[in-house]
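Colleague: May I request a close look at a single part of this model, with its charged side chains and its packing set out in one connected account?

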Amino acid sequence: MTQLERDELRRVRKTFELAGAFVYRTSQHRKPMHSAPEPGIPDLIVLMPAGRGAVFFEGKVAGNRLRPDQELFERRATRAGVPYVVGGNDEAVAYLKKRRA
C-alpha cells in the first residue's frame, strides 16, 4: 500500500466515523507477516449506525484495480447482501449519501 493510499484511507475512515460508524482496519502492516489477513479481505469493515448494517471498503486510488482475490471477495460479499465499495473518500461520501436517500 502506498502512502497516497494510506492517506486516502484515513480520510475515508474519518468520513465514516463522522457519520457515526465504527470502522475497523483489516490491513496490518507490521511484522510478523503471519498476522496478515486472508488475501482478498478489504481494507476496512464499517459497521453503520442505527442498525443500517455493514459495508466492506477497499481503498484504491485512481488507476489501481482490484486483484483477483479482491474481486472474488467482492462477488461473495455482494451475493451475501453486504455492500462492497471500492475507491477513496469520494466513493465513501457517495455511498453515505445513497444510503441516506
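**Helix H1 and its surroundings**

Modeller: Arg-11 and Glu-8 both belong to helix H1, where three residues, or about one turn of the helix, separate them. The model is a predicted one, and helix H1 covers residues 3-18. Between the side chains of Arg-11 and Glu-8 there is a salt bridge, with an N to O distance of 2.5 Å. The two partners differ in exposure: Glu-8 is buried, because its relative accessibility of 17% falls under the 20% limit, whereas Arg-11, at 40%, counts as partly exposed.

A second salt bridge in this helix joins the side chains of Glu-17 and Arg-13, at 3.1 Å from N to O. These two residues are about one helical turn apart, because four residues separate them in helix H1. Glu-17 is partly exposed at 36% relative accessibility, and Arg-13 is likewise partly exposed at 30%.

The search of the whole structure gives four salt bridges. Among them is a pair formed by the side chains of Arg-67 and Asp-69, 3.2 Å from N to O. In that pair, Arg-67 has a relative accessible area of 42% and is partly exposed; Asp-69 also counts as partly exposed, at 24%.

The packing of the helix comes next. Two packed helices are described by the angle between their axes and the distance between the axes. For helix H1 and helix H3, the latter made of residues 89-100, the angle is about 20 degrees and the axes are 8 Å apart. Since angles under 35 degrees count as roughly parallel, H1 and H3 are therefore roughly parallel to each other. The crossing in which H1 passes H3 is right-handed.

Glu-17 also serves as a reference point for a loop residue. Pro-39 is 22 residues from Glu-17 in sequence, and their C-alpha atoms are 26 Å apart in space. Pro-39 lies in the loop that runs between strand S1 (22-25) and strand S2 (44-47). At a relative accessible area of 59%, Pro-39 is exposed, because this value is over 50%.

Strand S1 also contains Tyr-24, which is partly exposed at a relative accessible area of 45%. Together with Phe-22 and Leu-47, Tyr-24 makes a nonpolar surface patch of about 320 Å².

How values were computed
Residues are numbered from 1 along each chain as its sequence is written. This is a predicted model: local features need pLDDT of at least 70, side-chain atom pairs count only at pLDDT 80 or more; totals for chains, interfaces and linings use all residues. Side-chain values use heavy atoms; hydrogens and water are left out. Buried means under 20% relative accessible area, exposed over 50%, partly exposed in between (1.4 Å probe, protein chains only). Patches are made of residues with over 30% relative accessible area and no salt bridge: like charges are joined within 9 Å, nonpolar side chains (Val, Leu, Ile, Met, Phe, Trp, Tyr) within 5 Å. Accessible areas come from the Shrake-Rupley method with a 1.4 Å probe; for residues, only the protein chains shown count as cover. Axes are lines fitted to C-alpha atoms, for helices over the stretch in contact, and angles run from 0 to 180 degrees between N-to-C directions. Angles under 35 degrees count as roughly parallel, over 145 as roughly antiparallel, 65 to 115 as roughly perpendicular and the rest as oblique. A crossing is left-handed if the near helix is turned anticlockwise from the far one by less than a right angle, and right-handed if clockwise.
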